[in-house]
Amino acid sequence: MRYIDFVNLNYEPKEDDVICDFRIEPLGISMKEAAGGIAAESSIGTWTELLTMQSYVEDLHATAFTIKNGLAKIAYPIELFEDGNMPNILSSVAGNVFGLKAIKNLRLEDIHLPKRLVKTFKGPKYGIAGIREILRVPERPLLGTIIKPKLGLKTQDHANVAYNAWVGGCDIVKDDENLSSQTFNPFEDRVVKTLDVRDRAEDQTGEKKVYMVNVTAETEEMLRRAAFVEEQGGEYVMVDILTCGWSALQTLRDHDLNLVVHAHRAGHAAFTKNPKHGIAMRVIAKLVRIVGLDQVHVGAVVGKMSEKKSEVLENCDALRNEMYGLKPVLPVASGGLHPGLIPSLVEIFGKDFVIQAGGGIHGHRYGTASGARAMRQALEAAMSNVSLKEYSRSHVELAAALKLWK
Ligand code: CAP
Ligand code: MG
């Protein structure tokens, strides 16, 4: 089969086909040949038509069935994939094709997995509804902080910062993506001490509080750490999904621990940021939901990160829209956030999301507890449609934050 034989613009996709949308910039070949080449190299084919195949193999070929404005839709028969094996699916549709010489740029813009394949994965255990139940926050956006400085704090200092953030009004305190079990803050000790102050903060505030512990490590070790968190009375863990990899994510989810799993996407922009080449974040968001994590970073539009509003909303749709009965997953807005940005965030995201701030809380003039209070005050104002300026007249922490972060 030649590349062009993998193109059929009259092909009607089957219900069980996997469908991928690729943005293609060919180099020295036609768009049709390029689309066919991607269908070939990401399914059964290769560069030479001299390769003879049994007809039953040929029947399994992927088909480029629409080509328009630089975008091609490619359908893959479900038999090409192994049930319940996410690395396998990605090794086909997001594997070698990005490196082809005859393709200048290639971006996987979207992916559709059929119900039959989605059902071979666990899906989220808690999702939005389960998280709201655990935190007993039925309506408003959740408020979270990341302990800053990212690294270096000794365990008791880490716990003290967490305590101040909780009593100031945060629902969630999380480790930063690069904190694991370094000598200055060993894992077990950190979990025990931080959950201890969590309990004190709950007693003091009367509110439910959760600690999102970073368990990112070698897979066996990650499982051991997650089980330790569960044993110690923790309800949440976080994982750096891309540096851990899809196999490790599936292994963690398949252990079905009573833990909400938060997906940090450290490293994503290496392949999601370039609009011409790589993999769109929406694809990652969909697949993380199918594997079964409960909340995922999606970008914040108004913060320090680069994503545009349209991309962030696509990411949110991938997590919250109907998908064969899978639980909706909670989007997380993070990166350069502070109280002044909360009204815009609520306007963009609605109520079902997490507002997560590190510098925007711990950098407050009066310290962490006041920083958390200022965030909470800004959220109260936004939820009751009162302007921040008006609300800050009677809330000093918010006033100080608005002065600090114009
Ligand atoms: C934010 C953060 C998060 C990023 C991740 C950081 O801190 O802790 O990891 O938001 O990016 O390390 O930068 P600040 P994204 O609140 O102090 O900015 O959400 O885009 O995946
Ligand atoms: Mg971070």
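The following exercises, each with a worked solution, concern a predicted model.

**Exercise 1. Strand order and edges**

Determine the order of the strands in the open sheet of 5 strands, and explain which strands stand at its edges.

Solution.
Step 1. The order is 2-3-1-4-10, and the pairing is mixed.
Step 2. Strand 2 and strand 10 (278-279) each have a single partner strand, so one side of each lacks a neighbour in the sheet and these two strands form the edges.
Step 3. Strands of a sheet pair through backbone hydrogen bonds, in either the parallel or the antiparallel sense.
Step 4. Strand 2 (residues 63-68) pairs with strand 3 (residues 71-76) in the antiparallel sense, over 5 bridges. Within this pairing, Thr 66 has Lys 73 of strand 3 as its bridge partner.
Step 5. Strand 2 and strand 3 form a hairpin with 2 residues between them. In the turn, Asn 69 has a positive phi of about 50°.
Step 6. Strand 1 (residues 18-26) and strand 4 (residues 103-112) are also antiparallel, with 8 bridges. Here Ile 19 stands opposite His 112 in strand 4.

**Exercise 2. The environment of strand 12**

Establish whether strand 12 is enclosed or open to the outside, and identify the strand that 3 bridges join to it.

Solution.
Step 1. Of the 5 residues of strand 12, 5 are buried, so the strand is largely enclosed by the rest of the structure.
Step 2. The two faces may be taken in turn. Leu 330, Val 332 and Ser 334 are buried on one side, and Pro 331 and Ala 333 are buried on the other, which leaves both faces covered.
Step 3. The strand joined to strand 12 by 3 bridges is strand 11 (residues 295-297), and the two run parallel. Gln 295 is placed opposite Leu 330.
Step 4. Strand 12 (330-334) also contributes two or more residues to the lining of the largest pocket, as do strand 13 (354-357) and helix 15 (359-362).

**Exercise 3. Pocket and cavity**

State the volumes of the largest pocket and the largest cavity, and describe their linings.

Solution.
Step 1. The largest pocket has a volume of about 540 Å³. It is lined by 32 residues, of which His 264, Lys 304, Met 305, Ser 334 and Gly 335 are the closest to its centre.
Step 2. The structure contains 2 cavities of 30 Å³ or more, and the largest has a volume of about 80 Å³.
Step 3. The lining of the largest cavity includes Lys 125, Arg 253, Asp 256 and Asp 294, together with Ala 226, Val 237 and Leu 252, among others.

**Exercise 4. Aromatic rings and charged groups**

Classify the aromatic pair formed by Phe 187 and Phe 228, and locate the charged groups that sit over the rings of Phe 187 and Tyr 163.

Solution.
Step 1. A search of the whole structure yields 4 aromatic pairs. In the pair of Phe 187 and Phe 228, the centres are 6.3 Å apart and the planes make an angle of 55°.
Step 2. Planes under 30 degrees apart count as stacked and those over 60 as edge-to-face, so the remaining range is tilted. The pair of Phe 187 and Phe 228 is accordingly tilted.
Step 3. Phe 187 belongs to helix 7 (residues 187-205) and Phe 228 to helix 8 (residues 219-231); with 41 residues separating them, the pair links distant parts of the chain. Both Phe 187 and Phe 228 are buried.
Step 4. The charged end of Arg 225 sits over the ring of Phe 187, 5.3 Å from its centre. Over the ring of Tyr 163 sits the charged end of Arg 200, 4.8 Å from the ring centre.

**Exercise 5. Metal donors and accessibility**

Name the protein donors of the magnesium ion (ligand 2), and classify Asp 176, Glu 177, Asn 385 and Leu 404 by accessibility.

Solution.
Step 1. The protein donors are Asp 176 (OD) and Glu 177 (OE), which lie 1.9 to 2.1 Å from the ion. Asp 176 and Glu 177 are both buried.
Step 2. Asn 385 lies in the loop between helix 16 (368-383) and helix 17 (388-392). Its relative accessibility is 74%, so Asn 385 counts as exposed.
Step 3. Leu 404 lies in helix 18 (residues 396-404). Its relative accessibility is 34%, so Leu 404 counts as partly exposed.

Note on methods
Residues are numbered from 1 along each chain as its sequence is written. Chains are lettered from A and ligands numbered from 1 in the order in which they are written. This is a predicted model: local features need pLDDT of at least 70, side-chain atom pairs count only at pLDDT 80 or more; totals for chains, interfaces and linings use all residues. Side-chain values use heavy atoms; hydrogens and water are left out. Rings of Phe, Tyr and Trp (its six-membered ring) pair if their centres lie within 6.5 Å; planes under 30 degrees apart count as stacked, over 60 as edge-to-face and the rest as tilted. Helices (H or I, at least four residues) and strands (E, at least two) are DSSP runs, numbered from the N terminus. Buried means under 20% relative accessible area, exposed over 50%, partly exposed in between (1.4 Å probe, protein chains only). A charge sits over a ring if NZ of Lys or CZ of Arg is within 6 Å of the ring centre and within 35 degrees of the ring normal. Donors are N, O and S atoms within 2.8 Å of the metal (3.2 Å for Na, K and Ca); water is not among the atoms, so sites may look incomplete. Two strands pair if DSSP finds at least two bridges between them. On a 1 Å grid over the protein atoms alone, a cavity is a set of points where a 1.4 Å probe fits but cannot get out, and a pocket is an open set with protein on both sides within 12 Å along at least five of seven lines; lining residues have an atom within 4 Å of a point. Grid points are joined across faces, edges and corners, and a volume is the space filled by probe spheres set on the points.
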